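Subject: Structure for your review

Dear colleague,

Please find below the structure I am handing over to you. My findings follow it.

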Amino acid sequence: MDIDTPAADTATSTARIIKHARPQISDESIQMPWVEKYRPSSLEELVAHEDIVSILTRLIDNDNLPHLLLYGPPGTGKTSTIVAAAKRMYGSTAAYSSMALELNASDSRGIDVVRNEIKEFAGTRQLFKSGIKLIILDEADAMTSDAQFALRRVIEKHTKNARFCLICNYVNKIIPALQSRCTRFRFAPLQVDQIRSRLLEVADAEKVNYTDDGINSILSLSAGDMRRVLNLLQSTAMSSDVVNEKNVYMTSGAPLPKDVEQILEWLLNLDFKQAYGKLVHICVTKGYALTDVLADLGTAVVGMEFPPHVLAVLLDGMSDVEHRLAFGADEKLQAASLVGVFVQARTVMKIKCV
Ligand SMILES: Nc1ncnc2c1ncn2[C@@H]1O[C@H](COP(=O)(O)OP(=O)(O)OP(=O)(O)O)[C@@H](O)[C@H]1O
Ligand SMILES: [Mg+2]
């Protein structure tokens with residue numbers, strides 16, 4: 001790896017490109033998504049969630065594992081954690097495949113599966129093997145409530161020789177009776193520093209050419225989701241020579257921060273017609289989705305110093321537009337509506353000021 005010397009000491013971070021001799025892309029590297037290639041294979045490899053990892057390690061080493069409920073937003077390492085934990089429990093892959101049952105949302109998980117498949121797996125003991133079986137129900141929030149009710153009894157009945165691990169994004173979709181049978185662990189979104197170290201590790205291992213602002217853009221678009229980070233890194237690296245701010249935003253389809261600033265300026269200063277024309281034009285030419293623009297505008301607006309009553313009008317109006325967009329309303333009409341929200345907020349501000 002060599003590091004380009006900046007032209008001058010004052011050079012911005014953009015000028016510094018970490019360059020690698022890119023390897024020939026083989027069929028293998030094309031096919032393998034980096035999220036899978038770099039899925040932590042042991043508990044020690046996981047970044048973040050140190051508390052959860054150390055508690056789990058202790059429980060496994062003492063043969064004291066309770067039923068588990070892992071929940072939290074996507075891409076925070078729930079599946080990786082339980083798979084790594086299972087590997088620690090069973091050691092060899094052969095033991096893992098005979099002692100652990102993994103079911104996720106792609107398998108049908110109605111009441112029949114609970115009655116037949118899960119019950120059968122939990123109920124059968126292996127003649128010459130001792131040890132506890134592990135039943136992983138990934139994406140458990142997609143289980144029907146009938147299946148969840150049936151699972152209550154199955155969990156109790158098989159506690160002697162099986163442990164259940166339920167994984168989900170929305171814990172309130174798991175019935176309280178199941179929640180109370182499990183020890184709950186919340187996986188918070190990953191911190192920027194934790195993501196950064198892993199991201200750089202992967203970028204260097206894959207010999208990606210990157211700039212500091214490219215890495216920072218990936219981090220700011222990630223929202224604590226490691227899967228999103230690796231996918232964005234891979235797709236930017238595959239589609240362009242260097243992972244810099246422009247290429248990252250282009251690949252992700254997210255609006256560039258300077259474009260959002262520009263849009264905000266139009267909305268706050270131009271008259272209705274002009275602002276509408278410019279907003280539609282930039283969305284069409286740069287291929288931005290109004291929802292993405294709206295999300296960034298929301299963050300920008302909250303960060304500005306508006307009087308509270310003006311902020312209330314803005315956020316209320318913007319939420320309405322977002323709601324309508326989520327239900328498939330016409331983008332152009334909603335763009336006009338968004339401009340209308342700002343015009344209204346400006347009027348309110350003037351009335352109060354007079
Ligand atoms: N804590 C972490 N440390 C290292 N890599 C991680 C971590 N969390 C996620 N990753 C990376 O992100 C990918 C997705 O993680 P994982 O499947 O464990 O997320 P998840 O929490 O189960 O998400 P979902 O709720 O969408 O199922 C992994 O393959 C891994 O590469
Ligand atoms: Mg998962």
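Strand β3 (residues 68-71) pairs with strand β6 (residues 162-168) in the parallel sense, over 4 bridges. Within that pairing, L68 has C165 of β6 as its bridge partner. β3 is also joined to strand β7 (residues 183-186) by 4 bridges, and these two strands likewise run parallel. Here Y71 stands opposite R186 of β7. Please note that this is a predicted model.

The side chains of β3 are worth following individually. L68 and L70 point one way from the strand, while L69 and Y71 point the other way. In a regular strand, side chains alternate between the two faces of the sheet. L68, L69, L70 and Y71 are all buried.

This leads to the nonpolar cores. The largest has 60 residues, and those touching the most other members are L70, L137, C165, L166, I167 and L233. Domain 1 (21-38 + 191-252) and domain 2 (49-186) both contribute residues to this core, so it lies between them. A second, separate core comprises 22 residues, including V260, L267, Y288 and A335. In soluble globular proteins, nonpolar side chains tend to be buried together.

L233 may serve as a starting point for inspecting the largest core. Leaving aside neighbours within four places in sequence, L233 is in contact with W34, L199, V202, A203, V208, I218 and V243.

Turning to the ligand, 22 residues surround ligand 1, and the closest of them are R39, P74, G77, T79 and S80. Three elements give two or more residues to this shell: α2 (34-37), α4 (78-90) and α11 (226-239). By class, the shell around ligand 1 divides into 10 nonpolar, 7 polar and 5 charged residues. Why does ligand 1 lie between domain 1 and domain 2? Both domain 1 (21-38 + 191-252) and domain 2 (49-186) give residues to the shell around ligand 1, so the ligand lies between them.

Finally, some totals for the protein chain. The secondary structure comes to 17 helices and 8 strands. Of the 354 residues in the chain, 31% are buried. Among contacts between residues at least 6 apart in sequence, 77% join residues at least 24 apart.

Yours sincerely

How values were computed
Residues numbered from 1 in each chain as written. Chains lettered and ligands numbered in written order. Predicted model: local features only at pLDDT ≥ 70, side-chain atom pairs only at ≥ 80, totals over all residues. Near = placed C-beta within 6 Å. Nonpolar A, V, L, I, M, F, W, Y, C, P; charged D, E, K, R; others polar. Domains from an automatic or database assignment. Buried ≥ 20, exposed ≤ 12 C-beta atoms within 10 Å, placed from the backbone. Contact = placed C-beta atoms within 7 Å. Pairing = 2+ DSSP bridges. Core = buried A, V, L, I, M, F, W, Y, C linked by C-beta atoms within 7 Å.
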